[in-house]
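Reader: I am new to this structure and would like to learn how to read it slowly, one feature at a time. Could you give me the general idea behind each feature and then show me the case here?

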Amino acid sequence: LPGFSQDTGKAFTVATEPAFPPFEMTDQKTGELTGFDLELMKAIGQEAGLKITFESLPFDGIIPALQAGTVKAAISGMTITPERAQTLSFSRPYFKAGLAIAVRKDNNSIKSFDDLKGKKIAVQIGTTGAKQAAQIEGAEISIFDSAVLALQELVNGKVDAVVNDAPVTLYAIKKAGLPGVKVVGELLTEEYYGIALPKNSPYLKQINDGIARLLENGTYQSIYEKWFGT
Ligand code: GLN
């Protein structure tokens with residue numbers, strides 16, 4: 001029946017693009033997917049009584065998979081945008097982020113968004129950063145499958161800048177030992193991550209209630225501190 005859903009104990013498949021540390025990453029020792037989003041989603045699954053399994057997809061494959069119904073949800077540092085909300089349902093926001101500009105440490109000419117005109121810029125495919133960079137006059141944009149690869153291009157001196165989510169770029173600089181890179185200027189945007197679901201998914205309320213409980217009972221805070229604490 002349309003709209004009829006029942007928890008049959010079957011796996012609840014959640015899509016993610018696995019190279020967006022510390023939200024999504026592969027544990028070097030175990031080879032398992034881990035990260036802030038993964039732990040949050042597992043905890044939501046426990047609250048909501050859903051048996052979560054993750055499916056790795058390219059970032060630009062996640063929205064098509066949700067639309068086709070081959071996955072039940074996605075958690076992937078995905079910004080809630082009005083454009084995406086036309087074809088998807090989003091949970092309540094679970095993380096505040098925004099876009100930052102990264103350059104090499106020896107670059108003193110790029111200090112703000114306006115300085116990116118005519119420059120070589122690396123971005124990740126299908127992202128809000130890619131969209132923002134596409135609006136820069138005369139810029140030469142290189143598109144990569146992951147933010148990690150875009151940042152590596154900057155380290156290698158092949159591009160002048162990367163436009164990417166600030167928490168991911170800052171984590172790469174501080175924790176993942178990305179050499180010779182700095183963040184400049186103000187955040188270009190204020191963005192909120194949400195869990196994406198197919199439009200009118202019957203699971204939206206369960207997911208939102210799960211997030212609310214994790215915020216109340218301190219679980220959200222402890223997962224946050226594990227990945228973002230000092
Ligand atoms: N937050 C950005 C977006 O939604 C990037 C997400 C990602 O690369 N995983 O487009």
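Author: Let us begin with contact, a word used throughout: two residues are in contact if their C-beta atoms, placed from the backbone, lie within 7 Å. Please also keep in mind that this is a predicted model. Taking one residue as a case, Ala 172 touches Leu 151 and Leu 178, when residues up to four places away in sequence are not counted.

Reader: Where does Ala 172 lie, and is Ala 172 buried or exposed?

Author: Ala 172 lies in helix 6. A residue is buried if 20 or more other C-beta atoms lie within 10 Å of its own, and Ala 172, with 22 C-beta neighbours inside 10 Å, therefore counts as buried. The C-alpha atoms of Ala 172 and Ala 147 are separated by 9.8 Å, although these two are 25 residues apart along the chain.

Reader: Which residues of helix 6 are buried, and what covers the buried residues of helix 6?

Author: In helix 6, which runs over residues 166-174, the buried residues are Pro 167, Val 168, Thr 169, Tyr 171 and Ala 172. Their cover includes helix 5 (147-155) together with several strands, among them strand 8 (99-104), strand 11 (161-165) and strand 12 (181-184).

Reader: How should I read a residue that counts as partly exposed?

Author: Such a residue falls between the two limits, having fewer neighbours than a buried residue and more than the 12 that still count as exposed. Lys 120, found in strand 9 (residues 120-124), is a case of this, because 15 C-beta neighbours inside 10 Å make Lys 120 partly exposed. Leaving out residues up to four places away in sequence, Lys 120 touches Glu 140, Ser 142, Val 159 and Asp 160. Thr 87, in the loop between helix 3 (82-85) and strand 6 (88-90), also counts as partly exposed, with 13 C-beta neighbours inside 10 Å, and its contacts beyond four places in sequence are Gln 67 and Lys 199.

Reader: How can the length of a helix be checked, and what does the check give for helix 1?

Author: One multiplies a rise of 1.5 Å by one less than the number of residues. The 13 residues of helix 1 should therefore span 18 Å, and this agrees with the end C-alpha atoms, which are 18 Å apart. The buried residues of helix 1 are Phe 36, Asp 37, Leu 38, Leu 40, Met 41, Ala 43 and Ile 44, and they are covered by elements including strand 1 (11-16), strand 4 (51-56) and helix 7 (204-216). After helix 1 comes Gly 49, with a positive phi near 70 degrees.

Reader: Which backbone angles deserve a second look?

Author: Most residues other than glycine have a negative phi, and most peptide bonds are trans. Asn 200 has a positive phi, near 60 degrees, and its place is in the loop between strand 14 (196-198) and helix 7. With 9 other C-beta atoms within 10 Å, Asn 200 is exposed. As for peptide bonds, a cis bond joins Pro 21 and Pro 22, with omega about 5 degrees, and Pro 22 sits in the loop between strand 1 and strand 2 (25-26).

Reader: How many residues does the largest nonpolar core have?

Author: In soluble globular proteins, nonpolar side chains tend to be buried together. Here the largest nonpolar core has 59 residues, and those with the most contacts inside it are Ala 73, Ala 74, Ala 161 and Val 162. Helix 1 (residues 36-48) gives the most to this core, with 6 residues, while domain 1 (11-95 + 193-228) and domain 2 (99-184) each supply at least three. Ala 73 is in contact with residues including Val 14, Ile 195 and Tyr 203, its neighbours within four places in sequence being left aside.

Reader: How far apart are domain 1 and domain 2, and where does the ligand lie?

Author: The C-alpha centres of domain 1 and domain 2 lie 25 Å apart, and the contact takes 11 residues from domain 1 and 13 residues from domain 2. On the side of domain 1 that touches domain 2, the residues divide into 7 nonpolar, 3 polar and 1 charged. Both domains give residues to the shell around the ligand, so the ligand lies between them. Of the 13 residues around the ligand, Phe 20, Gly 77, Thr 79, Thr 127 and Thr 128 come nearest, and by class the shell has 4 nonpolar, 6 polar and 3 charged residues.

Terms used
Residues are numbered from 1 along each chain as its sequence is written. This is a predicted model: local features need pLDDT of at least 70, side-chain atom pairs count only at pLDDT 80 or more; totals for chains, interfaces and linings use all residues. A residue is near a molecule or strand if its C-beta atom, placed from the backbone, lies within 6 Å of it. Ala, Val, Leu, Ile, Met, Phe, Trp, Tyr, Cys and Pro count as nonpolar, Asp, Glu, Lys and Arg as charged, and the others, Gly among them, as polar. Domain bounds come from an automatic or database domain assignment. A nonpolar core is a set of buried Ala, Val, Leu, Ile, Met, Phe, Trp, Tyr and Cys residues joined through C-beta atoms within 7 Å. Helices (H or I, at least four residues) and strands (E, at least two) are DSSP runs, numbered from the N terminus.
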